[in-house]
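User: Could you take a close look at one part of this model for me? I'd like a connected walk through a stretch of strands and one residue at the end of it.

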Amino acid sequence: MEKKIIRTDNAPAPIGPYNQAIQFGNMLFISGQIPLDPKTGNLVQDDIKTETRMVMENLKAILTEAGMDFTNVLKTSIFLMDMGQFGSVNEVYGSYFPDYSPARETVQVAGLPKGVNVEISMIAGK
């Protein structure tokens, strides 16, 4: 099997030595996304719900580029600066999975890139 780099201008360019996603066979491994607006290059940090929505839209753009959508998502990892924001993040996150929820973990961390409050990564498959 061959690895294929997935890249779209509809999601933020990587801010380090990594790719937005790698497809390996029918599996897609999406790097952690932060609330960075790909159109402006600015962080979206109005409130945690707005941040989470931007992260999910970035993930959606990468899934779309790979010919997938949220129904293909098998597992997610959510990283939060404050577990007290879990409910608000869950509300937005859950709206992207109306029919089923993938496996996932949510952890509080000491820091995230660019000082954001939420980062989410995904694994999807066809």
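Here is the part I have in mind, followed by the walk through it.
What surrounds Gln 33 in strand S3, and is Gln 33 buried or exposed?

Analyst: Keep in mind that this is a predicted model. Let's come at Gln 33 by way of the strands leading up to S3.

Start with S1, residues 3-6, which pairs with S2 in the antiparallel sense over four bridges. Ile 5 sits opposite Ile 22 of S2 in that pairing. S2 itself covers residues 21-24, and its side chains alternate. Ala 21 and Gln 23 point to one face and are buried, while Ile 22 and Phe 24 point to the other and are not.

From S2 the chain goes on to S3 through a hairpin with two residues between the strands. Gly 25 is in that turn, with a positive phi of about 65 degrees. S2 and S3 run antiparallel and are joined by four bridges; one of the pairs is Phe 24 with Met 27 in S3.

S3 spans residues 27-33, and Gln 33 lies in it. Gln 33 counts as buried because its relative accessible area is 4%, and the cut-off for buried is under 20%. Its side chain reaches the backbone oxygen of Ser 31 at 3.2 Å. Leaving aside neighbours within four places in sequence, Gln 33 is in contact with Ala 11, Pro 12, Gln 20, Val 55, Asn 58, Leu 59, Ile 62, Val 118, Glu 119 and Ile 120.

Definitions and conventions: Residues numbered from 1 in each chain as written. Predicted model: local features only at pLDDT ≥ 70, side-chain atom pairs only at ≥ 80, totals over all residues. Heavy atoms only, no water. Buried < 20%, exposed > 50% of the residue type's maximum accessible area, 1.4 Å probe, protein only. Polar contact = N/O pair within 3.5 Å; in protein donor to acceptor, adjacent residues only side chain to side chain. Contact = heavy atoms within 4.5 Å. Pairing = 2+ DSSP bridges.
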